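Colleague: I've got this model open on my screen and would like a close look at a single part. Could you pick one helix and walk me through how it sits among its surroundings?

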Amino acid sequence: KGMTKIDKKALDIYVLIDVSKSMDVEDIKPSRLQRVKMDIGELIDSLKGDRIGFIPFSSDAYIQMPSTDDYDVAKMFLEAVGTDMIGGGGTSIEKGVYFAAGSFDKKSTGEKVIIVMSDGEEHDENMKLNVNNTNGAKIFTIGFGTAAGGLVPVTDDTGSKTGYKQDESGKFIVSKLNSSYLRNIASLTGGKYYDSTISGVEAKQIIKDMEMLRRNNVKSENAKEYYHIYQILLGLGMIMFVIGYFFNNKKVNDISNITKN
């Protein structure tokens, strides 16, 4: 028939991945960070055109992968995520959130989404998220870990476990999930908090909760538009079949009459 313009709409999503050493704790199996990666994998598999980017954070944050709708590439970047990505101690969730909020495309007219995946441990627990610095982003948070917590592994250069982290007095450090901190961050921006589960259902729930968000026009594409003419061809075929049927019957009858005469 001709060409028609199709507008493609998508959300811009940045996933903030906590890569502090406490994410190696094994109070949830195989570890907090491995469960984070499993959840992100589920999230990627459920996306349909939305763009996703990764921002690892601990005491600092940086864009590991800019937002993309190439999900195969996203899975390759995900494989490289580890707790050795950022040096230094401590965790600043607020700093990560502010960095992610400032990383969105300024021209985007759709809603901005930040998904924080963390155990909720904050180096400075007195810090309060300033909504004015979040660039209007809606923040969803997923908590990884347990209330009882677990010991923080210490590893060597090869990644082999050599023991567990201790404080200055020699006591083993126990890292626990701080879900209330993550709930507070989500509620301040109209987002939602989820607990990590073995099934990873929280990733699918986030997809469902994002369905009603306003998406940005990311590009327009020209596509050919076709008439559906198979009904016409089918009708013509049926007519030809009926004509052929009666023609063959008449021919057989004529031959039969000639034979009898």
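Modeller: One term before we start: a contact here means heavy atoms within 4.5 Å. Counting contacts between residues at least 6 apart in sequence, 76% join residues at least 24 apart. Keep in mind that this is a predicted model. The protein has 6 helices and 12 strands, and 40% of its 261 residues count as buried.

Let's take helix 5, which covers residues 201–210. Its buried residues are Glu-202, Ala-203, Ile-206, Ile-207 and Met-210. Looking down the axis of helix 5, you'd find these buried residues within an arc of 150 degrees, so they line one face of the helix. The spacing fits a general rule: an α-helix has 3.6 residues a turn, so residues three or four places apart point the same way.

And what lies over that face? The cover for the buried residues of helix 5 includes helix 1 (32–46), along with strand 2, strand 5, strand 6 (138–143) and strand 11 (193–195).

Strand 2 is worth following a bit further. The structure holds 2 aromatic pairs. In one of them, Tyr-14 and Phe-104 have ring centres 5.3 Å apart and planes at 65 degrees, so this pair is edge-to-face. Tyr-14 belongs to strand 2 (residues 12–18), while Phe-104 is in the loop between helix 3 (93–101) and strand 5 (112–118), so the pair ties together parts 90 residues apart in sequence. Tyr-14 is buried at a relative accessible area of 5%, and Phe-104 is buried too, at 4%.

Conventions: Residues are numbered from 1 along each chain as its sequence is written. This is a predicted model: local features need pLDDT of at least 70, side-chain atom pairs count only at pLDDT 80 or more; totals for chains, interfaces and linings use all residues. Side-chain values use heavy atoms; hydrogens and water are left out. Helices (H or I, at least four residues) and strands (E, at least two) are DSSP runs, numbered from the N terminus. Buried means under 20% relative accessible area, exposed over 50%, partly exposed in between (1.4 Å probe, protein chains only). Rings of Phe, Tyr and Trp (its six-membered ring) pair if their centres lie within 6.5 Å; planes under 30 degrees apart count as stacked, over 60 as edge-to-face and the rest as tilted. The arc is that of the directions from the helix axis to the C-beta atoms.
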